[in-house]
Amino acid sequence: WYHAHHNTNEQIERGLYGALIVRDPRHETTLGVPREHDRLLVLDDIKLDDANRIAPFATDLAAEFVPWQRAEELANARIGTHVLVNGRHAAKDAPPTLEVTAGAPYRLRLINAASGHIFRLDIGDHPSALWAIGSDQGLWNAAEPVTPIDEILHPLGHHEERISNPDPARGVTLTPGDRAELVLVPRSEEHTSELQSLTNLV
């Protein structure tokens, strides 16, 4: 993916970025996912003020100088108040959806365009199969199944609380600027066909 390299955090937050998709017919034949099932999902966040306008950037020299805010944005990046998927707000009570057909494979190209937000993704306890086939370093030689993120008991004072398992081997973790390539095979409870092992992808 590409983005501005001048005043990068602000330019990206204002949407100045895009994706480049490079296709290899040999690889696509091996993978067996039709192009109409190829999906690009760009994850991002945006920081809005109380009036739903883009909040001032602490790094903007014209903005009010607040030392700790400027240091935080320079050192830790800018954390948004709203998560976006392909530029649309992904509200918790109305998350974005993707209509799929049970048993048909889908290729998901994920990009994390956020400057500071880390995304951990999986499909929960849904019976679908999810495979990782590539990362920011390119396509892998073989697919690897994505292990769902389960919950564990975490000691908290005199009691325990259930939290998402922080094991990085579970789910798909996207750090800022990172990308991942996945294959999703949706299954319904009635659909029991298995996904064949994907090897020799590159």
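This text leads through a predicted model, beginning with its main sheet and going on to the nonpolar cores, the salt bridges, a hairpin and one histidine.

A good place to start is the open sheet of seven strands, whose order is 5-4-3-6-13-8-9 and whose pairing is mixed. At its edges stand strand 5, residues 88-89, and strand 9, residues 138-145; each has a single partner strand, so one side of each is left without a neighbour in the sheet. For strand 9 the pairing is with strand 8, in the antiparallel sense and over four bridges, and at one point of this pairing Ser135 has Gly138 in strand 9 as its bridge partner.

Several strands of this sheet return when one turns to the side chains. The largest nonpolar core has 15 residues, and those with the most contacts inside it are Val146, Leu174 and Leu182. Two or more residues of this core come from each of strand 6 (106-112), strand 8 (129-135), strand 12 (172-174) and strand 13 (179-185), and it is strand 13 that gives the most, with three residues. The surroundings of Leu182 can be followed in detail: once its neighbours within four places in sequence are left aside, Leu182 is in contact with Tyr106, Arg107, Leu108, Leu110, Leu130, Trp131, Ala132, Ile133, Val146 and Val172. A second core, separate from the one just described, consists of eight residues and includes Leu31, Val33, Trp131 and Val183.

Charged side chains add another layer to the picture, with a count of 14 salt bridges in the model. One of them joins Glu181 and Arg109 at 3.5 Å, N to O, and this pair links distant parts of the chain, since Glu181 is in strand 13 and Arg109 in strand 6, 72 residues apart. Which side of the buried limit do these two residues fall on? Because buried means under 20% relative accessible area, Glu181 counts as buried at 6%, and Arg109 likewise counts as buried at 7%.

A further salt bridge, between the side chains of Glu28 and Arg35, has an N to O distance of 3.1 Å; here Glu28 is buried, with a relative accessible area of 14%, whereas Arg35 is partly exposed, at 49%. Both of these pairs belong to a network of salt bridges that links Arg23, Glu28, Arg35, Asp38, Arg107, Arg109, Asp136, Arg179 and Glu181. The side chains of Glu10 and Arg14 also meet in a salt bridge, at 3.1 Å from N to O, and Glu10 is buried, with a relative accessible area of 16%.

The hairpin is made by strand 10 and strand 11, with two residues between them, and Gly157 in the turn has a positive phi of about 65°. Six bridges join strand 10, residues 151-156, to strand 11, residues 159-164, and the two run antiparallel; within this pairing Pro155 stands opposite Glu160 in strand 11.

The histidine is His117, which lies in the loop between strand 6 and strand 7 (119-121). His117 is separated from Pro155 by 38 residues in sequence and by 26 Å in space, C-alpha to C-alpha. With a relative accessible area of 22%, His117 is partly exposed. Apart from its neighbours within four places in sequence, His117 is in contact with Asp45, Ile79, Val83, Asn112, Leu174 and Pro176; among these, Asp45 also shares a polar contact of 3.4 Å with His117, side chain to side chain.

Note on methods:
Residues are numbered from 1 along each chain as its sequence is written. This is a predicted model: local features need pLDDT of at least 70, side-chain atom pairs count only at pLDDT 80 or more; totals for chains, interfaces and linings use all residues. Side-chain values use heavy atoms; hydrogens and water are left out. A nonpolar core is a set of buried Ala, Val, Leu, Ile, Met, Phe, Trp, Tyr and Cys residues joined through side-chain atoms within 4.5 Å. Buried means under 20% relative accessible area, exposed over 50%, partly exposed in between (1.4 Å probe, protein chains only). Contact means heavy atoms within 4.5 Å. A salt bridge is a side-chain nitrogen of Lys or Arg within 4 Å of a carboxyl oxygen of Asp or Glu. Two strands pair if DSSP finds at least two bridges between them. A polar contact is a pair of N or O atoms within 3.5 Å; within protein, one must be able to donate a hydrogen and the other to accept it, and residues adjacent in sequence count only if both atoms are side-chain atoms.
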